[in-house]
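Trainee: I should like to learn how strands and helices are read in a model of this kind. May we begin?

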Amino acid sequence: MPYVIADDLPDEPAGVRFRRLLDRPQILQMPGAHLGIAALLAKKAGFEALYMSGAAMSATMGLPDLGMITVDDVSWHVRQVVRASALPVLVDGDTGYGEALNVMHMVRCFEEAGAGAVHLEDQLLPKKCGHLNDKKLAPVDEMSAKVAAARKARRNLVIIARTDAVASEGMDAAVARAKRYLEAGADAIFPEALTTAEMFREFAARMPGVKLLANMTEFGRTPFFTATEFQQMGYAMVIWPVSHLRIAARAMEDLYGAIKADGGTHNMAGRMQTRAQLYETIGYHAYESLDASLVRTIVPEGMPQN
């Protein structure tokens with residue numbers, strides 16, 4: 001049964017629930033889900049937390065992942081995912097949408113929208129996907145100030161600092177940056193775009209006792225690893241940020257091609273979720289029953305008198 005408006009809301013803030021999941025010995029697995037229906041399907045599959053990718057949200061809006069979307073754009077996505085699933089979500093905060101005060105505003109907006117965690121990255125605008133070349137890094141002091149600002153603004157939100165330094169400055173610099181971000185108040189570290197198992201192990205070995213996030217994105221610089229393999233390498237969290245969008249976009253591309261070629265959808269129906277399956281996913285009949293229980297029709301028994 002999907003989360004329904006009339007269900008009891010979680011009695012703890014999302015940040016508290018996210019931290020509890022993170023404190024368990026097993027790795028926390030978070031598939032990308034930036035739309036309400038994606039959140040419902042991921043929850044149905046058994047996931048306990050979700051990830052919201054800036055790249056996925058940007059692409060859904062027909063935009064590249066270059067830091068073009070706003071706090072309000074992301075907050076809208078957060079609200080619908082949280083409403084639909086009631087799961088704690090980790091949100092991609094890009095570079096914080098500005099400097100320290102902007103970061104504080106972002107943290108408050110995301111937490112009010114229902115987010116459980118956010119990650120900030122140490123790139124300069126225009127930022128790029130972490131697996132692309134020629135990324136420009138912010139000075140360590142500036143990024144540390146943003147992390148400190150996020151820590152000051154948050155109530156329960158988990159703050160994760162991402163560093164993109166490995167590709168351009170090397171492992172030593174990335175580790176040094178991560179330690180500064182922890183000193184500034186980060187709860188966990190996200191080393192982006194590591195390219196070998198040895199690099200993942202080395203980073204983890206040099207950050208003992210620190211909660212680490214691994215990014216398992218397709219078609220990037222990181223080879224395919226499973227959640228179990230990441231856990232064995234020392235990581236507490238793993239995300240599959242854009243996988244759901246890649247699958248959906250390919251399916252839509254195939255559909256539109258079939259309509260154009262065949263003059264209809266008759267050759268694609270077998271690949272579709274049926275109406276009954278869609279209604280089950282979104283809880284259509286549960287909402288319908290709820291409405292009937294709250295709004296009862298009263299039939300007039302006679303004409304009013306003058």
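Mentor: Let us start with a definition: two strands are said to pair if DSSP finds at least two bridges between them. Please keep in mind that this model is predicted.

Trainee: Which strand does E3 join through 3 bridges, and in which sense do the two run?

Mentor: Strand E2, residues 50-52, is joined to E3 by 3 bridges, and the two run parallel. Within this pairing, Met52 has Val91 of E3 as its bridge partner. E3 also pairs with strand E4, residues 117-121, in the parallel sense over 3 bridges. There, Val91 stands opposite Val118.

Trainee: What do E3, helix H5 and E4 make together?

Mentor: They make a right-handed β-α-β unit, in which H5 comprises residues 100-113.

Trainee: How are the side chains of a regular strand arranged?

Mentor: In a regular strand, side chains alternate between the two faces of the sheet. In E3, residues 89-92, Val89 and Val91 lie on one side and Leu90 and Asp92 on the other. These four residues are all buried, and both faces of the strand are covered.

Trainee: How should a helix be read?

Mentor: An α-helix has 3.6 residues a turn, so residues three or four places apart point the same way. In helix H9, residues 197-205, the residues Ala197, Met199, Phe200, Phe203 and Ala204 are buried. They lie on the same side of H9 because they cover an arc of only 165 degrees around the axis. Glu198 and Ala205, on the other side of H9, are exposed.

Trainee: What covers the buried residues of H9?

Mentor: The covering elements include helices H7, H8 and H10, together with strands E6 and E7.

Terms used:
Residues numbered from 1 in each chain as written. Predicted model: local features only at pLDDT ≥ 70, side-chain atom pairs only at ≥ 80, totals over all residues. Heavy atoms only, no water. Buried < 20%, exposed > 50% of the residue type's maximum accessible area, 1.4 Å probe, protein only. Right-handed = clockwise from strand over helix to strand, strands pointing away. Arc of directions from axis to C-beta. Contact = heavy atoms within 4.5 Å.
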